[in-house]
Amino acid sequence: MSFENLRKVKLGNYPTPLEKMENMTKLLGKGDLYIKRDDATGPAFGGNKTRKLEYLIREAIDTGCTAVLTVGGTQTNHGRTTVGAAVKYGLKPILVLSGKDTGYLSGNLTLDAMMGADIYFVTDPKQTPQVIEDVCEKYAQQGDKVYVIPGGGSNPVGAVGYIKSIEEILKQMEEQQLKIDHLVCTVGSMGTFGGMLLGAKYYNAPFDVIAVPVSPQPKGEKEKQVADFANKVSEQYGMGITITPEEVKIAYGPDDAPYSGEQYNKPDPVTREAIITLAMNEGIMLDPTYTGKTFRAFIDLVKEGDWIKEGESALFLHTGGAMALWTKEHLDDMQDQLRANCKTTEI
Ligand SMILES: Cc1ncc(COP(=O)(O)O)c(C=O)c1O
């Protein structure tokens with residue numbers, strides 16, 4: 001079946017805004033800089049997962065499921081959006097999270113709890129596949145049929161959301177008479193980047209798509225994984241498109257201070273600086289785990305990278321996740337810099 005015919009439910013508000021970052025454009029002084037606000041998709045504060053979940057939730061409903069289970073880290077944005085999408089369509093939300101139950105709900109966990117998710121914390125990630133099986137069995141015994149969504153919603157069904165997002169961007173470029181040479185996004189579980197690479201080729205986009213990883217990667221490995229993922233999706237829908245690892249552009253940054261930071265979700269000062277730069281110039285909030293890292297790369301690529309040349313325009317894809325700013329580890333980490341960044345007066 002063509003991806004064009006895949007059915008979906010309505011979750012998000014589209015098109016998401018595509019706006020010029022006037023102050024960042026002035027600050028960096030090289031080409032026009034734009035932002036695509038996929039952090040504003042909704043529901044449950046939205047983010048990139050909404051586009052994927054529209055197709056996944058449709059499949060859950062069409063296959064007679066009554067509950068939706070997904071997996072991720074304790075602060076998974078994908079999990080929070082899945083819970084929001086599930087409750088909107090009357091499905092029971094279940095999360096299997098790798099990490100400890102610290103006894104304190106913050107950031108995304110606050111919202112998961114508010115929406116009534118059943119949450120299973122798995123302290124040993126190796127146990128996750130077995131826990132998923134056991135949990136599905138438990139709900140089946142209670143009469144539920146559970147639809148299992150892979151981490152990040154990144155399978156051929158979810159990826160359709162980002163293939164189609166390219167069509168939306170091209171339409172906005174035409175309406176606003178914009179020229180965009182490069183699009184910069186984040187790559188984690190690959191559905192967003194993989195989908196966009198396919199969409200860019202399928203719809204003949206005039207821009208290339210560059211991605212920034214969220215955890216350290218041996219160079220060359222992710223390129224192959226992304227190409228394999230995209231080709232699997234292409235094959236499933238008979239798109240007739242092949243992506244080679246050489247076509248997959250991943251920006252790693254300097255060896256001694258990679259864009260990914262030291263590890264997944266670990267606070268780092270350069271990412272924090274990028275988050276504060278966008279907040280102070282455009283009033284837009286990023287997150288410390290995904291988009292902050294990508295925005296640091298975006299600034300770097302515009303200022304001095306080989307891929308974005310003098311006078312070229314670039315689009316930053318904001319994929320959401322700002323609620324991770326309100327987790328204890330990131331709040332603790334930011335306190336000194338936030339104090340230094342503002343004037344406080346007690347009278
Ligand atoms: C805010 C945010 N941006 C980007 C990503 C990465 O997207 P993908 O998993 O599709 O590669 C994620 C994944 O969880 C995310 O939460």
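1. In this predicted model, helix α2 passes α6 in a right-handed crossing. The axes of α2 and α6 come within 7 Å and cross at roughly 140°, and the two helices are therefore oblique to each other; the angle falls short of the roughly antiparallel class because that class is reserved for values over 145 degrees.

2. On the α2 side, the residues that meet α6 are Arg51, Lys52, Glu54, Tyr55, Leu56 and Glu59, while α6 contributes Val157, Gly158, Val160, Gly161, Tyr162 and Ser165. By character, the residues of this contact divide into five nonpolar, three polar and four charged.

3. As to spacing along such a surface, an α-helix has 3.6 residues a turn, so residues three or four places apart point the same way.

4. Both α2 (49-62) and α6 (156-175) are also included in what covers the buried residues of α7, together with β7 (182-187), β8 (208-213) and α8 (221-236). Eleven of the twelve residues of α7 are buried, so this helix is largely enclosed by the rest of the structure; among the buried residues are Gly191, Phe193, Met196, Leu197 and Leu198, and Lys201 is also one of them.

5. The geometry of α7 itself raises no concern about its length: at 1.5 Å a residue, the twelve residues of this helix (residues 191-202) should span 16 Å, and its end C-alpha atoms are 16 Å apart, which agrees.

6. A backbone detail to look at in the model follows just after α7, where Asn204 takes a positive phi of about 55°.

Technical notes
Residues are numbered from 1 along each chain as its sequence is written. This is a predicted model: local features need pLDDT of at least 70, side-chain atom pairs count only at pLDDT 80 or more; totals for chains, interfaces and linings use all residues. Helices (H or I, at least four residues) and strands (E, at least two) are DSSP runs, numbered from the N terminus. The expected span of a helix is 1.5 Å times one less than its number of residues. A residue is buried if 20 or more other C-beta atoms lie within 10 Å of its own, exposed if 12 or fewer, and partly exposed in between; C-beta atoms are placed from the backbone. Two residues are in contact if their C-beta atoms, placed from the backbone, lie within 7 Å. Axes are lines fitted to C-alpha atoms, for helices over the stretch in contact, and angles run from 0 to 180 degrees between N-to-C directions. Angles under 35 degrees count as roughly parallel, over 145 as roughly antiparallel, 65 to 115 as roughly perpendicular and the rest as oblique. A crossing is left-handed if the near helix is turned anticlockwise from the far one by less than a right angle, and right-handed if clockwise. Ala, Val, Leu, Ile, Met, Phe, Trp, Tyr, Cys and Pro count as nonpolar, Asp, Glu, Lys and Arg as charged, and the others, Gly among them, as polar.
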